[in-house]
Amino acid sequence: METEHKDCSYCAEGELLAQFGIKICELPMSKLILFKEQSHPGRVIVACKKHVDDITELTQEERAQYIEDINRTAVCIHKAFRPDKINFGAYGDTMHHLHVHVVPKYKDEYEWGGVFAMNPHRTEPSEEELQKVIDTIKANL
Ligand SMILES: [Zn+2]
């Protein structure tokens with residue numbers, strides 16, 4: 001199901017994915033990806049393993065598992081980073097592969113009370129710092 005979408009960051013991974021993310025691990029119905037831009041510490045993407053445009057294109061079982069993966073991710077982010085709120089964003093206007101941004105928000109900090117930017121290019125930690133975030137996430141999954 002994945003080889004036919006060579007231009008899709010989530011299917012192809014590699015260089016395309018590396019432009020904005022690092023794959024942390026796979027969950028039953030998704031790929032968990034660290035968003036390199038970390039203005040919101042702990043921000044990740046839960047990308048569906050299946051190349052579909054929208055959640056409506058999944059079977060009921062796939063959808064239930066995908067939602068379960070998103071929930072597991074959110075529970076992990078709550079434990080690992082103690083945000084005051086998690087925002088969930090599914091846009092995909094230009095990226096036709098179902099994925100949800102899981103964005104921890106912290107009271108009185110960047111974008112609190114507002115809509116998170118798609119990519120503010122504001123906080124881009126080193127590879128070493130990103131690896132620490134990945135390790136923290138993995139320890140709490
Ligand atoms: Zn894809």
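The legends below accompany close-up views of a predicted model.

**View 1. The zinc ion and the residues that hold its donor atoms**. Four residues coordinate the zinc ion, with Cys 8 and Cys 11 each contributing an SG atom and His 51 and His 97 each contributing an ND1 atom, at 2.0 to 2.3 Å. The angles among these 4 donor atoms run from 100 to 118°, and the site is tetrahedral. Along the sequence, the donor residues follow the spacing C-x2-C-x39-H-x45-H.

**View 2. Cys 8 and His 97, a pair that links distant parts of the chain**. Cys 8 belongs to the segment before α1 (9-12), whereas His 97 sits in the loop between β4 (85-89) and β5 (99-105), so that 89 residues separate the two in sequence. Both Cys 8 and His 97 are buried.

**View 3. The largest nonpolar core**. This core has 28 residues, and those touching the most other members are Ile 24, Leu 34, Val 44, Tyr 66 and Ile 137. Two or more residues come from each of β1 (21-27), β2 (30-35), β3 (44-48), α3 (60-81), β5 and α4 (127-140), and the largest share, 7 residues, is given by α3. In soluble globular proteins, nonpolar side chains tend to be buried together.

**View 4. The surroundings of Val 44**. When neighbours within four places in sequence are left aside, the residues in contact with Val 44 include Ile 24, Leu 32, Ile 33, Leu 34 and Phe 35, together with Thr 73, Ile 77, Val 100, His 101, Val 102 and Ile 137.

**View 5. Another nonpolar core**. Apart from the largest core lies another, of 9 residues, among them Cys 11, Phe 35, Ile 45 and Ala 47; Cys 11 is also one of the residues that coordinate the zinc ion.

Key. Residues numbered from 1 in each chain as written. Predicted model: local features only at pLDDT ≥ 70, side-chain atom pairs only at ≥ 80, totals over all residues. Heavy atoms only, no water. Donors = N, O, S within 2.8 Å, 3.2 Å for Na, K, Ca; no water. Tetrahedral: all angles 85-135°; square planar, octahedral: opposite > 155°, others 65-115°. Helix = DSSP H or I, 4+ residues; strand = E, 2+ residues; numbered from the N terminus. Buried < 20%, exposed > 50% of the residue type's maximum accessible area, 1.4 Å probe, protein only. Core = buried A, V, L, I, M, F, W, Y, C linked by side-chain atoms within 4.5 Å. Contact = heavy atoms within 4.5 Å.
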